[in-house]
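Biologist: I'm new to reading structures, so please take me through this one slowly. I'll ask, you reason it out.

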Amino acid sequence: MSSFKQLQVLKQPKPGQILTDSALYWKDYEFPTIINEYGGINHIDVSEVKPNYVVATHASRVHIYDSYKKTAIKSFSFSENAYSASFRRDGKLMCVGFDSNHAKVYPIMEEQQKDMDLEEAESSGSAAKPKKRPLRKFDDHLGPVHVCKFMRNLYQVMTASDDAHVRIFDLATSSTIMKLKAHKDYIRSGCTSISSDDLLLTGSYDHTVKMTDCRINSVVMSVDHGEPVENVLMFPSSNMIISCGGNSIKIWDVLKGGNLIHTMINHHKTVTSLAFSHNYKYLLSAGLDR
């Protein structure tokens, strides 16, 4: 019998053993806690300050959850549909848009609510009773307010409505600071810059995404997404923006006047939501497909 040299068998790594940076990132997350709401959720926002409350807007209700205990800590019920409940950066206030053409601001901290109740009790001479009444109410739109966000300076509120107008309200006086017809159709998405007090972004069913400078009360950049825009995001530097509509997600360069950088088509149906990770390195999208 002839002799032979034994070969060393190469062992291939099993699937899942090689962990990329992306895999390690998602592995750090805990198993999700599922909470059933009373209707379709139209908006979710997370407070930037601890304990990082989460607010969910659905139908005529707004629920605030503790992200650590994973339980509801505060609930608001209204007589009409609510939209776009969003926290202020300091986590002390929340703004909400409504079907009846107005937006409201509510205090989140119990101390603020107690002070409001005590002031009302002193003026009326009766005992203070706990209420959930708004701190401010903004009435100037002619259609349902689907977008409601705080500006970076904390003292102004941006709203956008089905009347195709964008407005800036002063939190101290409830007066209108800016009024602009930025689009030709319903405005269903918008955000404010976290690096500038004067820039805001809106997306409309007229297929366009527009950036507005509040200092000149004018649109400074407009891009055509090609389909009704469902959601928009702005990078922290305000140098790039992201839009979604139809089954596509598009990234635009603001410094080059709205030049299209990249298009992603990873969904089979309409993409409805976009969100950044905490470090802005990952993009999360949600759509009507399963």
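Biologist: Let's start with Ser238: is Ser238 buried or exposed?

Modeller: First, this is a predicted model, where local features need pLDDT of at least 70, side-chain atom pairs count only at pLDDT 80 or more, and totals for chains, interfaces and linings use all residues. Residues are numbered from 1 along each chain as its sequence is written, and side-chain values use heavy atoms, with hydrogens and water left out. Buried means under 20% relative accessible area, exposed means over 50%, and partly exposed is in between (1.4 Å probe, protein chains only). Ser238 has a relative accessible area of 6%, so the word for Ser238 is buried.

Biologist: And what phi does Ser238 have?

Modeller: Ser238 sits in the loop between strand 17 and strand 18 (helices, H or I with at least four residues, and strands, E with at least two, are DSSP runs numbered from the N terminus). Those two strands form a hairpin with 5 residues between them, and Ser238 is in the turn. Ser238 is not a glycine, yet its phi is positive, at about 65°.

Biologist: Which residue of strand 18 stands opposite Leu233?

Modeller: Strand 17 and strand 18 (residues 240–245) run antiparallel and are joined by 4 bridges; two strands pair if DSSP finds at least two bridges between them. Strand 17 (residues 231–234) is covered on both faces, with Asn231 and Leu233 buried on one side and Val232 and Met234 buried on the other. That split fits a general habit: in a regular strand the side chains alternate between the two faces of the sheet. Opposite Leu233, in strand 18, stands Ile242.

Biologist: Where is Ser174?

Modeller: Ser174 is another residue with a positive phi of about 65° that isn't a glycine. Ser174 is partly exposed, as its relative accessible area is 25%. Its place is the loop between strand 11 (165–170) and strand 12 (176–181).

Biologist: Which strands stand at the edges of the open sheet of 4 strands?

Modeller: The order in that sheet is 5-6-7-8, with antiparallel pairing. An edge strand has a single partner strand, so one of its sides is left without a neighbour in the sheet, and that applies to strand 5 (82–87) and strand 8 (136–139).

Biologist: Which residue in strand 6 is the bridge partner of Ala82?

Modeller: Strands of a sheet pair through backbone hydrogen bonds, either parallel or antiparallel. Strand 5 and strand 6 (residues 93–98) take the antiparallel option, over 4 bridges. For Ala82, the bridge partner in strand 6 is Phe98.

Biologist: Which residue's side chain meets Arg88 in a salt bridge?

Modeller: A salt bridge is a side-chain nitrogen of Lys or Arg within 4 Å of a carboxyl oxygen of Asp or Glu. Arg88 is buried, with a relative accessible area of 10%, while its partner is partly exposed at 23%. From N to O the pair spans 2.7 Å, and that partner is Asp90.

Biologist: How many residues apart in sequence are the parts tied together by Asp197 and Arg152?

Modeller: The side chains of Asp197 and Arg152 meet in a salt bridge of 2.8 Å, N to O. Asp197 is in the loop between strand 13 (187–192) and strand 14 (199–204), and Arg152 is in the loop between strand 9 (145–150) and strand 10 (156–161), so the parts they tie together are apart in sequence by 45 residues.

Biologist: What relative accessible area does Arg215 have?

Modeller: Arg215 shares a salt bridge of 3.6 Å, N to O, with Asp198. Asp198 lies in the loop between strand 13 and strand 14, and Arg215 in the loop between strand 15 (208–213) and strand 16 (218–224), so the pair ties together parts that are 17 residues apart in sequence. Asp198 is partly exposed at 22%, whereas Arg215 is exposed, with a value of 59%.

Biologist: Which residue forms a nonpolar surface patch with Trp26 and Tyr29?

Modeller: Patches are made of residues with over 30% relative accessible area and no salt bridge; like charges are joined within 9 Å, and nonpolar side chains (Val, Leu, Ile, Met, Phe, Trp, Tyr) within 5 Å. This patch has about 350 Å² of accessible area in total, using the Shrake-Rupley method with a 1.4 Å probe, where for residues only the protein chains shown count as cover. The third member lies in strand 22 (residues 283–287), and its name is Leu284.
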